[in-house]
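Let's take a walk through this chain, one piece at a time. Have the viewer open and follow along.

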Amino acid sequence: MMTTRAQISKGAIWLGGNIGYNKSKMGSDTPYLQTSNLNISPAVGIVVKENLVVGIGLLYRRGKSEHNGNQLESKGNTYGVNIFVRKYIPVVNRLYIFGEAGAGYSTSKGHETWLNYYTNPATQTKSTSKGWSTGLNVTPGLSFAVTKKFHLETSLNSLLGVSYSKSETTPDKPNTGNPSKNENFTAGLFTDGKVQFNIGCRFLL
């Protein structure tokens with residue numbers, strides 16, 4: 001039997017955010033590729049119906065990758081906004097599962113530095129990349145009500161989705177490389193190529 005504690009009441013203001021981090025390394029010796037990403041995403045919403053939240057979230061992502069075989073280092077920042085609908089389903093007292101569907105847009109800017117072996121002597125080359133992306137995503141998760149007004153949550157960010165992105169890379173100095181443009185469309189599981197595990201908290205006011 002569910003208790004009143006296992007319900008999120010209509011009209012409540014929903015506040016919170018997620019912090020996510022992942023790091024991976026391909027290859028244990030030279031050459032290897034190592035990547036890391038930090039995601040911070042605050043959000044605010046309103047409970048429009050019992051256990052149903054509609055809201056808006058912001059995104060900040062900082063990424064870095066290193067490839068020591070090509071002496072390549074890449075760093076970048078992403079800023080975005082996401083509109084979402086989230087449905088909570090009570091499982092047992094205080095514990096919920098939830099599903100969230102969202103639509104988002106983001107812009108990014110990054111810098112790459114690598115060693116150009118084709119010049120004699122080898123020289124360091126730099127470039128700047130800019131781009132944007134938009135898409136739809138689905139995120140499942142678990143929520144535990146520590147109190148009626150405070151929840152702790154875990155989720156798998158953008159487990160399923162559709163996205164379209166466009167980017168352009170330009171050398172910082174003339175005659176040090178060729179500009180390039182890319183367009184990318186993805187659909188299905190793990191649209192960014194990896195599963196992002198998040199830990200977050202929610203306040204109900």
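Start with R86, which counts as buried because its relative accessibility is just 2%; buried here means under 20% relative accessible area, exposed means over 50%, and partly exposed is in between, using a 1.4 Å probe and protein chains only. Before going further, a word on what you're looking at: this is a predicted model, where local features need pLDDT of at least 70, side-chain atom pairs count only at pLDDT 80 or more, and totals for chains, interfaces and linings use all residues. Residues are numbered from 1 along each chain as its sequence is written, and side-chain values use heavy atoms, with hydrogens and water left out.

So what does R86 pair up with? R86 forms a salt bridge with E153, and the closest N and O atoms sit 2.6 Å apart. A salt bridge, for the record, is a side-chain nitrogen of Lys or Arg within 4 Å of a carboxyl oxygen of Asp or Glu. R86 is in strand β4 and E153 is in strand β7 (residues 150-157), so this pair ties together parts that are 67 residues apart in sequence. Strands are DSSP runs of E with at least two residues, helices are runs of H or I with at least four, and both are numbered from the N terminus. E153 is buried, just like R86.

R86 has another partner, E100, again with 2.6 Å between the closest N and O atoms. That pair links distant parts of the chain too, with E100 in strand β5, R86 in strand β4, and their positions 14 residues apart. E100 counts as buried because its relative accessibility is 11%.

Now hop from E153 to R202: these two form a salt bridge with the closest N and O atoms 3.4 Å apart. Since E153 lies in strand β7 and R202 in strand β10 (residues 196-204), the pair ties together parts that are 49 residues apart in sequence. Both E153 and R202 are buried. Put the pieces together and you get a network of salt bridges linking R86, E100, E153 and R202. The structure holds 4 salt bridges.

Time to zoom out. How many helices and strands does the chain have? It comes to 0 helices and 10 strands, so to speak β-β-β-β-β-β-β-β-β-β from the N terminus on. Of the contacts with a separation of 6 or more, 62% are between residues 24 or more positions apart, a contact being heavy atoms within 4.5 Å. Of the 205 residues, 30% count as buried. The accessible surface comes to about 12,400 Å², and 61% of that belongs to carbon and sulfur atoms; these areas come from the Shrake-Rupley method with a 1.4 Å probe, and for residues only the protein chains shown count as cover.

Next, the nonpolar side. In soluble globular proteins, nonpolar side chains tend to be buried together. The largest nonpolar core here has 12 residues: I8, A12, W14, A43, V47, V53, F84, Y88, Y96, F98, A145 and L204. β2 (33-49), β4 (72-92) and β5 (95-116) each supply at least two residues of this core. By nonpolar core I mean a set of buried Ala, Val, Leu, Ile, Met, Phe, Trp, Tyr and Cys residues joined through side-chain atoms within 4.5 Å. Pick out F84: leaving aside neighbours within four places in sequence, its contacts include W14, A43, V53 and also E100, the salt-bridge partner of R86.

Over in strand β6 (residues 123-147) you'll find T128, which counts as buried because its relative accessibility is 15%. The side chains of T128 and H111 are joined by a polar contact of 3.3 Å. That term covers a pair of N or O atoms within 3.5 Å; within protein, one must be able to donate a hydrogen and the other to accept it, and residues adjacent in sequence count only if both atoms are side-chain atoms. Not counting residues up to four places away, T128 also touches K109, G110, E168, T169, T170 and D172.

Finally, check the backbone. Most residues other than glycine have a negative phi, and most peptide bonds are trans. N51, in the loop between β2 and β3 (52-67), has a positive phi near 70 degrees, and N51 is buried, with a relative accessible area of 4%. R94, in the loop between β4 and β5, has a positive phi of about 80 degrees, and R94 counts as partly exposed at 26% relative accessibility.
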